[in-house]
Amino acid sequence: MVDIWSGLVQAAWLVGTLDAELLEIALRSLKVTLSALIIASLIALPLAALLAVRRFRFRRTVIAVLNALMGLPPVVVGLVVYVLLSRSGPLGVLGLLFTPTAMVIAQVVIIVPLIASIAHQSIRDLWQEYHDLLISMNVTQGQKIRTLLWDSRRALLTAALAGFGRGIGEVGAIMIVGGNIDHATRVLTTAIALETGKGNFALALALGFVLIALAIAVNLAIHALSRTEREGRW
Amino acid sequence: MKHLILSLALIACSGAALAAETMKMAVTTSFHNSGLADVLLPRIAADLDLEVQLLVVGTGQAIRLGEAGDVDAILVHSRGAEETFVAAGNGTHRREIMYNDFVFIGPESDPADIAGAPSATEALQRIAAAEAPFVSRGDDSGTHKKELSLWDDAGQDPATLHDWYKPVGAGMGAALNTAAGMGAYIMSDRASWLNFGNKGDLALLFSGDAVLFNQYAYLPVNPEKHGHVKHDLAMKLENWLVSDTAKGLIDGYTIDGETLFVFNAKAAD
Amino acid sequence: MSDLFPVRLEAARATRRGRTLVGPVDLELDGAGTTVVIGPNGAGKTTFLRMLHGTARLGGGRIRWNCTTEEARHHQCFVFQQPVMLRRTVMQNLIYPLRMRGMSRGEAEDRARRWAARVGLGSMLTRQAPVLSGGERQKLALARAMITEPKLLFLDEPCASLDGRAMREIEEILQEARAGGMRLILSTHDMGQARRLADEVLFLLHGWLHDRGAGPEFFTQPATPQARAFLNGDIVE
């Protein structure tokens, strides 16, 4: 209990004094995960919509695989991305290993299945509702997808926030592909792992509390921003 | 909703590129935990205008990174593995820089009574006889390999030891955490121990035997095998590491008044 | 641009999983007035309408419009028995079909305002469509279908769950549209409504086109015993 209390105190101190190192790693955490979130959403949301409206033979298999990929251990993703980006690997010439970009890539791979699976279910439900109308109106496939994505945007936001949560707390993959290099690829979660490994529990907890607070702040901000529409409930 | 997307995009795009010379070096967790890097790196940056990016991993992974050419040099403490590394053409050569020592840590009550043992080998034999819980790194690191060789000297085969011998497959800090949590014996490098923040009931019980000395060596990755490695920067760093400046910093580095490392680099290659 | 009509159905059959739901039907429809499709439950009225509209799969036979099927689709609209509301405001529902066809937002909103006023929803443009009452939904669906000024409008039991007043309002709109040259094909259970609106009646039974007649004659002198029984209110099997 002493550790938890001193962790809270230390967290307050670090935040209150705007500790430079804390700011650096917190900002990097946000940048990496937010970038990954944007890219993953750009991939996952249209994919989810496509899966919902298009009928093709292996649809059920693809959806099942997508759902299963949600359970992919991040550290495994990290290893695979590492092998691909390593200098001895196929994409080594890009020199992306141990950079924040590699971390973004790994996180994108991890959160795309999550966002796509959740989004797909909501979009599918809405498609059931709109099906007859949109078919009758003869809208194009692209228009169908855009209409569904827009009208289910609140559910999609939830899916995206789920992805954000998964990403901001992730440590296994980004440890491997980022290397936890001080001032270059260290983020909140890898710093927590480092301090825990050194036995500095209080500091690790402090960083943990900052991480939680950050996640809450981001969620609040997103909810506030998305109400700039005056529409109300839908 | 459009405001939201725009804001997110803006945050993600903020970022500046730094233009200092950089190189990547894989070092072991035991080296990093000592805190010596925090003293050396700023001085290296000042003297050589060189940013050394450290990847803190286990010895096994450090060697893997060197083999793959993902780093420009490695600093490890496992002579056998190092010589294999050079022989296989992955590194150009090995340069001894400094050594520290390993110590035996255990519960203050010392149930196996190793504090009075005359040698490291004897201490381990006492632990085995008492079947006192012992935490091993179990991760193929330099520390782990050293520990295995000591068990060998003591006439024990760790592969046959069960129950009380616990390989955790983790770094030094994590292993110390586990030892603290279960009141077990453990072999640690002195620096990690001194810097460890969760000592709990543990205490330093045995040290000083010459066999416990731990040599660190610097190995630049072979540019013939990986053309992109920054060999010139690696050599620049090596020259600095064997210089008098480095000697002063390394010999002068203390934790709680205790020196940790002894500089032993030779002038010639 | 050629007219849609006359449209010919040649042995047209709507099937689903091997079962024939409607047909085969041989029929020719011309381009004027209102056709009302009647028949007992399960006769296939909805499927018949969908078959003509192209949203029920043709299991056999052909449907030949006077123009290409593409063009025909473009000038038709369908009002469903349970109207589908987009999860948006009334205004956004109305402009949706226009925007999908590339009309500018300003023009679409103007047209939407006119149509909303016409169906009596003028004061509800900013309401969320899903919270409208049954009658309001039906009116919105109707306005949304007519806003693109189709040449042919299908309505599947358009007043099934409406009270008298709403029904009258909708029938007025339909009569106006008919007077303006729009072709209407609708199905209904309400014989009174059928009598009021029909220029032509199609009587469906067990998926077959059992009987056909001009409006007034069909009701006063039904040709077949089943039609007679049906108009009498008997259960026809």
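Chain B of this predicted model is divided into domain 1, which covers 22-99 + 213-263, and domain 2, which covers 102-212, the bounds coming from an automatic or database domain assignment. The centres of the two domains of chain B, taken over C-alpha atoms, are separated by 26 Å. Their contact takes 18 residues from domain 1 of chain B and 19 residues from domain 2 of chain B, where two residues are in contact if their C-beta atoms, placed from the backbone, lie within 7 Å.

On the side of domain 1 of chain B that touches domain 2 of chain B, the elements giving two or more residues are α2 (29-33), α4 (59-68) and β9 (213-220) of chain B, and the largest share, 3 residues, comes from α2(B). Helices (H or I, at least four residues) and strands (E, at least two) are DSSP runs, numbered from the N terminus.

Chain B also meets chain A, with 29 residues of chain B in contact with 26 residues of chain A. On the side of chain B that touches chain A, α1 (2-13), β2 (50-57) and α8 (172-182) of chain B each supply at least two residues, and α1(B) gives the most, with 7 residues. The table sets out the classes for both sides.

| Side | Nonpolar | Polar | Charged |
|---|---|---|---|
| Domain 1 of chain B, touching domain 2 of chain B | 4 residues | 12 residues | 2 residues |
| Chain B, touching chain A | 13 residues | 14 residues | 2 residues |

Here Ala, Val, Leu, Ile, Met, Phe, Trp, Tyr, Cys and Pro count as nonpolar, Asp, Glu, Lys and Arg as charged, and the others, Gly among them, as polar.

In chain C, 6 strands form an open sheet of mixed pairing in the order β5-β6-β7-β3-β8-β9, two strands being paired if DSSP finds at least two bridges between them. Because β5 (76-79) and β9 (208-214) of chain C stand at the edges, each with a single partner strand, one side of each is left without a neighbour in the sheet. Neighbouring strands of this sheet are turned by 15 degrees against each other on average, direction ignored.

At the β5 edge, β5(C) pairs in the parallel sense with β6 (residues 152-156) of chain C over 4 bridges, and C:C77 has C:L153 in β6(C) as its bridge partner. Helix α5 (residues 134-146) of chain C lies across β5 and β6 of chain C and runs at about 175 degrees to β5(C); axes are lines fitted to C-alpha atoms, for helices over the stretch in contact, and angles run from 0 to 180 degrees between N-to-C directions.

Residues are numbered from 1 along each chain as its sequence is written, while chains are lettered from A and ligands numbered from 1 in the order in which they are written. As the model is predicted, local features need pLDDT of at least 70 and side-chain atom pairs count only at pLDDT 80 or more, whereas totals for chains, interfaces and linings use all residues.
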